[in-house]
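Trainee: I would like to learn how to read a model of this kind one feature at a time, with the general idea before the particular case. Could we begin with the backbone and work inwards?

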Amino acid sequence: MNTLIINKPEKNYFKMKNNDAFLNFLGMAQRAGKLVLGEDLVLKAIRKQSVQLVVLAADTGAASAKKLTDKSSFYKVPVIADFDKNQIGSAIGLQRTVVAVNDANFAKRLIELSK
């Protein structure tokens, strides 16, 4: 007779890691239409002060990263650069190196999840 052994899940089995939760919430912001996508549009939105948060891919080119971080720091917009292009692309369904959140509530929650 064959015996089937099922491993019991750990206590935190259903609890997501913060990275996964961040990326899932970023995808939710995309579906809600609360993201600005692409370098040029993000720079314009930062200048207009219409974004609350910038999510920059860690593997962005040096010139683009400097331009975006300098503009963000001048206008006092927080920047999160903890994820690479593939992770951001998988979360939002499009390959982008930078996205900006234009909703205060989504931005606040994403900042909390990034810690």
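Mentor: Let us begin where a helix ends: α3 is followed by Lys76, whose phi is positive, near 60°. Helices here are DSSP runs of H or I with at least four residues, strands are runs of E with at least two, and both are numbered from the N terminus. This is a predicted model, in which local features need pLDDT of at least 70 and side-chain atom pairs count only at pLDDT 80 or more, while totals for chains, interfaces and linings use all residues. Residues are numbered from 1 along each chain as its sequence is written, and side-chain values use heavy atoms, with hydrogens and water left out.

Trainee: Where does Lys76 lie, and is Lys76 buried or exposed?

Mentor: Lys76 sits in the loop between α3 (62-74) and β3. Buried means under 20% relative accessible area, exposed means over 50%, and partly exposed covers what is in between, with a 1.4 Å probe and protein chains only. By that scale Lys76 is exposed, at a relative accessible area of 73%.

Trainee: Which loop holds Gln49, and what is its phi?

Mentor: Gln49 belongs to the loop between α2 (39-48) and β2, and its phi is positive, about 60°, although Gln49 is not a glycine. Gln49 is also exposed, with a relative accessible area of 56%.

Trainee: How should I read the helix α3 itself, and which of its residues are buried?

Mentor: Start with the length, for which the expected span is 1.5 Å times one less than the number of residues. With 13 residues, α3 reaches 18 Å from its first C-alpha to its last, close to the 18 Å expected. Next, look at the sides: Ala65, Leu68 and Ser72 are buried in α3. They cover an arc of only 75° around the axis, which puts them on the same side of α3; the arc is that of the directions from the helix axis to the C-beta atoms. On the other side of α3, Ala62, Ala63, Lys66, Ser73 and Phe74 are exposed. The cover over the buried residues of α3 includes α2, β2, β3 and β4.

Trainee: What pattern does the chain follow along the sequence?

Mentor: The chain has 5 helices and 4 strands, and read along the sequence they follow the pattern α-β-α-β-α-β-α-β-α. Contact means heavy atoms within 4.5 Å, and among contacts between residues at least 6 apart in sequence, 80% join residues at least 24 apart. Of the 115 residues of the chain, 36% count as buried.

Trainee: How do I recognise a nonpolar core, and which residues have the most contacts inside the largest one?

Mentor: In soluble globular proteins, nonpolar side chains tend to be buried together. A nonpolar core is a set of buried Ala, Val, Leu, Ile, Met, Phe, Trp, Tyr and Cys residues joined through side-chain atoms within 4.5 Å. The largest one in this model has 22 residues, and Phe22 and Leu26 have the most contacts inside it. The largest share of this core, 6 residues, comes from α1. A second, separate core of 13 residues includes Val42, Leu43, Ala45 and Val77.

Trainee: How many aromatic pairs are there, and how is such a pair described?

Mentor: A pair of aromatic rings is described by the distance of the centres and the angle of the planes. Rings of Phe, Tyr and Trp (its six-membered ring) pair if their centres lie within 6.5 Å; planes under 30 degrees apart count as stacked, over 60 as edge-to-face and the rest as tilted. A search of the whole structure finds 3 aromatic pairs. One of them is the stacked pair of Phe22 and Phe83, at 4.8 Å centre to centre and 15° between the planes. Phe22 lies in helix α1 and Phe83 in strand β3, so the pair ties together parts that are 61 residues apart in sequence. Both Phe22 and Phe83 are buried. The rings of Phe74 and Tyr75 have their centres 5.0 Å apart and their planes at 85°, so that pair is edge-to-face. Here Phe74 is exposed, with a relative accessible area of 61%, and Tyr75 is partly exposed, at 25%.
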